[in-house]
Amino acid sequence: MSSPLEFARLAVLVFFAICFLQAGLDKAFDWKGNLEYFRGHFSKTVLGPFAGLLLPGLALLELLTGAVCLAGAAMLSLRSDALLAHLGVMLSLLSLLVLFSGQRLAKDYAGAASIAGYFAVALLGAVLFAI
C-alpha cells in the first residue's frame with residue numbers, strides 16, 4: 001500500500017468482507033432465529049411464502065460476497081491484482097440492492113434507509129476502482 005488511493009480501495013474491501021461474512025455467518029449459526037424473523041418480516045408481502053428459500057439464498061450471497069471481498073483484499077495487497085477486488089465491490093452492490101428491495105417490499109423504510117449508507121460506500125468503492 002503505497003498511496004491513499006490503494007489504502008481506500010483496501011478499506012472498502014475489508015469493510016464489506018467484515019459486513020457480509022458476519023451477516024452470512026450469523027444466518028448460518030442462528031438459522032432458526034433468522035428463519036422466524038424472515039417469516040414474520042415478509043409475512044404480508046409477496047415474498048412471504050418464499051421465506052424458507054430466501055434465507056439460504058441470501059446467506060449464500062452474503063457469504064460469497066464477503067469471501068470475494070476478503071480474497072480481493074488479499075490479492076490487491078499481495079499481488080496488486082484487482083480482478084477479485086472489482087468483483088467483490090460489484091457483488092457488494094448487488095447484495096445491497098437485494099437487501100434494499102426486500103426491506104422496501106416489507107415496508108421497512110427505516111431498514112431500507114440504513115442500507116443507503118452501505119450502498120454509498122459500495123458506490124465509492126466502485127468509483128475508487130474506476131480511477
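Leu78 is exposed in this predicted model, with a relative accessible area of 71%. The residue belongs to helix α3. Leu78 also offers a handy sense of scale: Leu35 is 43 residues away from Leu78 in sequence, and the two C-alpha atoms are 39 Å apart in space. For the chain as a whole, the C-alpha trace spans about 50 × 25 × 15 Å along its principal axes.

The secondary structure is easy to summarise, with five helices and zero strands. Following the sequence from start to end gives the pattern α-α-α-α-α. The chain has 131 residues, and 37% of them count as buried. Among contacts between residues at least 6 apart in sequence, 68% join residues at least 24 apart.

Confidence in the prediction can be read from the pLDDT values. The chain has a mean pLDDT of 95, and 99% of its residues reach 70 or more. Among the elements, α1 has the highest mean, at 97, while α2 has the lowest, at 93. As a general caution, the predicted coordinates should not be read in detail where pLDDT is low.

The two ends of the sequence can be followed through Leu5, a residue of helix α1. Leu5 and Phe129 are 124 residues apart along the chain, yet their C-alpha atoms are separated by 9.1 Å. With neighbours within four places in sequence left aside, Leu5 is in contact with Leu128 and Ile131. Leu5 counts as partly exposed because its relative accessibility is 28%.

Ser95 presents another setting. This serine is found in helix α4, which covers residues 83–105. Its relative accessible area is 1%, so Ser95 is buried. Once neighbours within four places in sequence are set aside, the contacts of Ser95 are with Phe20, Leu61 and Thr65.

Attention turns next to open space in the model. Rolling a probe the size of a water molecule over the atoms shows where empty space is left. The largest pocket holds about 580 Å³ of space. Two or more residues of its lining come from each of α1 (4–29), α2 (31–41), α3 (51–79), α4 and α5 (109–130). Helix α4 gives the largest share of that lining, seven residues. In total, 26 residues line the largest pocket, and those nearest its centre are Lys27, Leu58, Glu62, Leu99 and Gln103. Sorted by class, the lining has 15 nonpolar residues, eight polar residues and three charged residues.

The cysteines deserve a short look of their own. A disulfide is a covalent bond between the sulfur atoms of two cysteines. With a cut-off of 2.5 Å between cysteine sulfur atoms, the count comes to zero disulfides. Cys19 is in no disulfide, and the nearest cysteine sulfur, that of Cys69, lies 9.1 Å away. Cys69 is likewise in no disulfide, with the sulfur of Cys19 as its nearest cysteine sulfur. The surroundings of these cysteines can also be described by accessibility. Cys19 is partly exposed because its relative accessible area is 21%, a value to be set against the 20% under which a residue is buried. Cys69 has 1% relative accessibility and therefore counts as buried.

Two loop residues complete the description through their backbone angles. Most residues other than glycine have a negative phi. Ser80 is not a glycine, but has a positive phi of about 55 degrees. Ser80 sits in the loop between α3 and α4. With a relative accessible area of 64%, Ser80 is exposed. Lys107 also has a positive phi, of about 60 degrees, although it is not a glycine. The loop between α4 and α5 is where Lys107 is found. Lys107 is exposed too, with a relative accessible area of 60%.

How values were computed
Residues numbered from 1 in each chain as written. Predicted model: local features only at pLDDT ≥ 70, side-chain atom pairs only at ≥ 80, totals over all residues. Heavy atoms only, no water. Helix = DSSP H or I, 4+ residues; strand = E, 2+ residues; numbered from the N terminus. Buried < 20%, exposed > 50% of the residue type's maximum accessible area, 1.4 Å probe, protein only. Contact = heavy atoms within 4.5 Å. 1 Å grid on protein atoms, 1.4 Å probe; cavity = no way out; pocket = protein on both sides within 12 Å on 5 of 7 lines; lining within 4 Å. Points joined across faces, edges and corners; volume = space filled by probe spheres on them. Nonpolar A, V, L, I, M, F, W, Y, C, P; charged D, E, K, R; others polar. pLDDT = per-residue confidence, 0-100.
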